[in-house]
Amino acid sequence: VIAFAMLTVLAAVGVVRFLQQRKDFEDATSRSYRVEIAARDRLARGEGAAAAREAVAAEERRRQALRSDIDRRTRDTALLVSAGLIAGLTGAALLFSGLIASMRRPLEELVEASERLAAGDLDTRVKVGGLSETATLGSAFNEMAAELQRRAGERDQLERMKDEFVLTASHELRSPLTSVQGFAELLVLEREKLSPEQSETVEVILDNTRHLVRLLNDLLDLARSDAGLTQHVGGTGLGLAISKSLVELHGGTIEASSRPGRGSTFRVRLPLAAAPPPAAAGTTGTEARL
Amino acid sequence: VSTRVLIADDSETILLLLRTRLEMEGFEVVTAADGVEAVEAARGGGDGDGPDVLLLDAMMPRKSGIDALRELRAAGVDTPALIVSAHQDELDAGLSPDLDIGGFVPKPIDFERLFARIAELTGG
């Protein structure tokens, strides 16, 4: 490609030089005609007829020589221009086919990767390379895929936390409900001690308790159908489930230990965002203990 | 001689409810507030003082009903046992056949079914 480009430049230089030579030729021809006219004037006036005739003949020969010289240069230049034109076109063709070839593979890979990504394969990445444009495109694609993957992970985690929360809530609500229903049933067993109004009241309590149980079962079914029943945390109450969800949303962890009569210990670990570069290097702690 | 039932639950209210209903039905009742107490009470038997049936809540502090039962089975105690749980599938992990669980009692408790099951387990 470089050789073809040089040939093209050479042709362009040749054309410029030719234009200069053409001008020189025209100037020289004009000068020759002026000399000849002056010689013919002298001849007409009859001054030095022999010398004048000789001068006219000499100018005719000079112009003859100039013409044949410029004709030869015209042919050479035309040849050079043709060669330059062909070289330029060939070089351009080579350059473009090379460009297209070097863009084609990365672009094809990008198309395939996009299809895989769209099909849900969030691990998909492309090799970054080639021309700076395709490399930029490639790294932009990889960043996009990584971001998609990150968000999908977050969404899955939120789903899990939601299901866990529903399970815990459903579990924790069941114990007080058991008491309410159980004691209402006790009253029903001793109906003969109740007034008709009190009996009716207890029946209302029982009806509503059963309704509440159905609602809880539905809620549980919903969570199960979403989750494939994640494992249950259990036993620690809603407060801890909520705290756990919040801490995990921040990317942290929570642990609890409890001793009867002694109290409970809760350990919350939260990641800290990397601080702007501190004066002392190497102090990039990303975890804090609260 | 009435059937003796050990009930273990960390909720005093549930213990009161269970005791009242079981005693009304003619059972003798022993209570435990968690798995550790349940293991002690269940092992106290052997000389005829021990419970005939165990009714253990699945989720309790210190020691769960499942862990208590596992410990009792390992110690050779083969008293029939029922597990009370909010929902059975929360227990599925960690259950093995050698625990020899006599049944699950879901919350809220259906007492008629509970009495019938206890009668079956004690051959009454």
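Which element gives the most to the lining of the second largest pocket? In this predicted model, the answer is β5(B), with 4 residues, and the way to see how that strand comes to be placed there is to begin with chain B as a whole.

Chain B contains 4 helices and 5 strands, and, read from the N terminus, its elements follow the order β-α-β-α-β-α-β-β-α. Of the 124 residues in this chain, 48% are buried. Among the contacts in chain B that link residues at least 6 apart in sequence, 65% join residues that are at least 24 apart.

The strands of chain B form an open sheet of 5 strands, arranged in the order β2-β1-β3-β4-β5 with parallel pairing. At its edges stand β2 (28-32) and β5 of chain B, each of which pairs on one side only. Neighbouring strands of this sheet are turned against each other by 20° on average, direction ignored. In general, the strands of a sheet pair through backbone hydrogen bonds, either parallel or antiparallel. Within the sheet of chain B, strand β1 (residues 4-8) runs parallel to strand β3 (residues 53-57), and 4 bridges join the two; one point to look for is B:Val5, whose bridge partner in β3(B) is B:Val53.

Helix α4(B) lies across β1, β3, β4 (81-85) and β5 of chain B, and runs at about 155° to β4(B). This helix, α4 (111-121), also takes part in the pocket, since both it and β5 (101-106) of chain B supply at least two residues each to the lining. The space in this second largest pocket comes to about 200 Å³. Its lining consists of B:Leu82, B:Gly103, B:Phe104, B:Val105, B:Pro106, B:Pro108, B:Asp110, B:Arg113, B:Leu114 and B:Arg117, which by class amounts to 6 nonpolar, 1 polar and 3 charged residues.

A residue of chain A leads to another part of the model. A:Ser175 has its place in helix α3 (residues 132-189) of chain A, and, leaving aside residues up to four places away in sequence, A:Ser175 touches B:Ile14 and B:Lys107. Is A:Ser175 buried or partly exposed? Its relative accessible area is 22%, and because a residue counts as buried under 20% and as exposed over 50%, A:Ser175 is partly exposed.

Terms used. Residues are numbered from 1 along each chain as its sequence is written. Chains are lettered from A and ligands numbered from 1 in the order in which they are written. This is a predicted model: local features need pLDDT of at least 70, side-chain atom pairs count only at pLDDT 80 or more; totals for chains, interfaces and linings use all residues. Side-chain values use heavy atoms; hydrogens and water are left out. On a 1 Å grid over the protein atoms alone, a cavity is a set of points where a 1.4 Å probe fits but cannot get out, and a pocket is an open set with protein on both sides within 12 Å along at least five of seven lines; lining residues have an atom within 4 Å of a point. Grid points are joined across faces, edges and corners, and a volume is the space filled by probe spheres set on the points. Ala, Val, Leu, Ile, Met, Phe, Trp, Tyr, Cys and Pro count as nonpolar, Asp, Glu, Lys and Arg as charged, and the others, Gly among them, as polar. Buried means under 20% relative accessible area, exposed over 50%, partly exposed in between (1.4 Å probe, protein chains only). Contact means heavy atoms within 4.5 Å. Two strands pair if DSSP finds at least two bridges between them. Axes are lines fitted to C-alpha atoms, for helices over the stretch in contact, and angles run from 0 to 180 degrees between N-to-C directions.
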